[in-house]
Every structure is written in structure tokens, then in C-alpha cells.
Amino acid sequence: MDSPPFTLHYTSEANSILDDLSETGNNEILRSIRETGDLICTYGPEAPGPDSYKYMSLHGAHGEEIWESAIENSAKRPWRMYWMYGPTEHAITVLTIGLNE
């Protein structure tokens, strides 16, 4: 793992979710997603604000560590961002975004 700052990349799945949120006018959650991404890029998993946890039982296709970061913790909308370091040095890839159900 490299040290911050990082550049943020999105998988096609994550981009599709962002597009769907944009098309349905979910500007508040889109703003929160951007803010969370910015914090993670600046500070890594120690970012102030979003709680981030490394999965112990889940890894990427090449053994990468997978992280979960809270976007919103409200009881009504517990959104999460799932990400990993890579594919290049100083990069973070958002794998998917969704409700924590």
C-alpha cells in the first residue's frame, strides 16, 4: 500500500451506479459519494469521517485487500463504498457503491 494522496478510479459497475443516481436526481448521495472519495484519496483508510474497514475474508482477483467505507450512516440510508488499492501505484479503485443491507 502506498501513502496518500491517491487518484480515484471507478469500475464500470461503480460508474453505472453513479450514472443511475445522477439520472434519478439523487444529488445528495452523489455529493456524499464524492466527498467520501475525496477523503479516502487524501488520507487513505484513516480518513476523518467515513469509517473504513478492511475485509479479512474477501480479496480482489489478485489477492488485493478490499475495503468498505461508510458514505452515510443514517438508519434510513446506510450507503457504503467498496474499494481497493490499485491498479497502479497511488491509485484507488472503487469497485461498487450501494446500500448496506
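# Getting to know helix 2 and its surroundings

Q: In this predicted model, S32 has its place in helix 2. Is S32 buried or exposed?
A: Let's check the number: S32 has a relative accessibility of 9%. The cut-off for being buried is under 20%. That means S32 counts as buried.

Q: Which residues does S32 touch, if we skip those up to four places away in sequence?
A: Leaving out those sequence neighbours gets rid of contacts up to four places away. What remains for S32, a member of helix 2, is a pair of names: I71 and E72.

Q: How far apart are the end C-alpha atoms of helix 2?
A: Helix 2 covers residues 27–43, which makes 17 residues. At 1.5 Å a residue, helix 2 should span 24 Å. The model agrees with that, because the end C-alpha atoms are also apart by 24 Å.

Q: How wide an arc do the buried residues of helix 2 cover around the axis?
A: The buried residues are I29, L30, S32, I33, T36, G37, I40 and C41. They sit on the same side of helix 2, because around the axis they cover an arc of only 170°.

Q: Which residues are exposed on the other side of helix 2?
A: The buried residues of helix 2 pack against other elements, among them helix 1 (12–23) and strand 5 (91–99). Flip to the other side of helix 2, and you'll find these exposed residues: N27, R34 and D38.

Q: What residue follows helix 2, with a positive phi?
A: Helix 2 runs over residues 27–43. The residue that follows helix 2 has a phi near 75°, and that residue is G44.

Q: How many residues apart in sequence are the parts that W67 and W83 tie together?
A: W67 and W83 form a stacked aromatic pair, 5.5 Å centre to centre, with 10° between the planes. W67 lies in strand 3 and W83 in strand 4, so their pair ties together parts that are apart in sequence by 16 residues.

Q: What kind of aromatic pair do W83 and Y85 form?
A: Start with the rings of W83 and Y85, which lie 5.3 Å apart, centre to centre. Their planes make an angle of 80°. Since planes over 60 degrees apart get that label, the pair of W83 and Y85 is edge-to-face.

Q: Which residues form one aromatic cluster?
A: A search of the whole structure turns up five aromatic pairs. W83 pairs with Y85, and W67 pairs with W83. Together with F6 they make one cluster, so to spell out the names: F6, W67, W83 and Y85.

Q: Which residue meets E35 in a salt bridge?
A: Side chains of opposite charge can pair when their charged atoms come close. Here, the partner of E35 also lies in helix 2, four residues away, about one turn of the helix. Their side chains meet at 3.3 Å, N to O, and the partner is R31.

Q: Which strands do K54 and E65 lie in?
A: The side chains of K54 and E65 meet in a salt bridge at 3.2 Å, N to O. They link distant parts of the chain, 11 residues apart: K54 belongs to strand 2 and E65 to strand 3.

Q: Are E68 and R80 buried or exposed?
A: E68 and R80 form a salt bridge, with the closest N and O atoms 3.1 Å apart. E68 lies in strand 3 and R80 in strand 4, so this pair ties together parts that are 12 residues apart in sequence. As for their accessibility, both E68 and R80 are buried.

Methods: Residues are numbered from 1 along each chain as its sequence is written. This is a predicted model: local features need pLDDT of at least 70, side-chain atom pairs count only at pLDDT 80 or more; totals for chains, interfaces and linings use all residues. Side-chain values use heavy atoms; hydrogens and water are left out. Helices (H or I, at least four residues) and strands (E, at least two) are DSSP runs, numbered from the N terminus. The expected span of a helix is 1.5 Å times one less than its number of residues. Buried means under 20% relative accessible area, exposed over 50%, partly exposed in between (1.4 Å probe, protein chains only). The arc is that of the directions from the helix axis to the C-beta atoms. Contact means heavy atoms within 4.5 Å. Rings of Phe, Tyr and Trp (its six-membered ring) pair if their centres lie within 6.5 Å; planes under 30 degrees apart count as stacked, over 60 as edge-to-face and the rest as tilted. A salt bridge is a side-chain nitrogen of Lys or Arg within 4 Å of a carboxyl oxygen of Asp or Glu.
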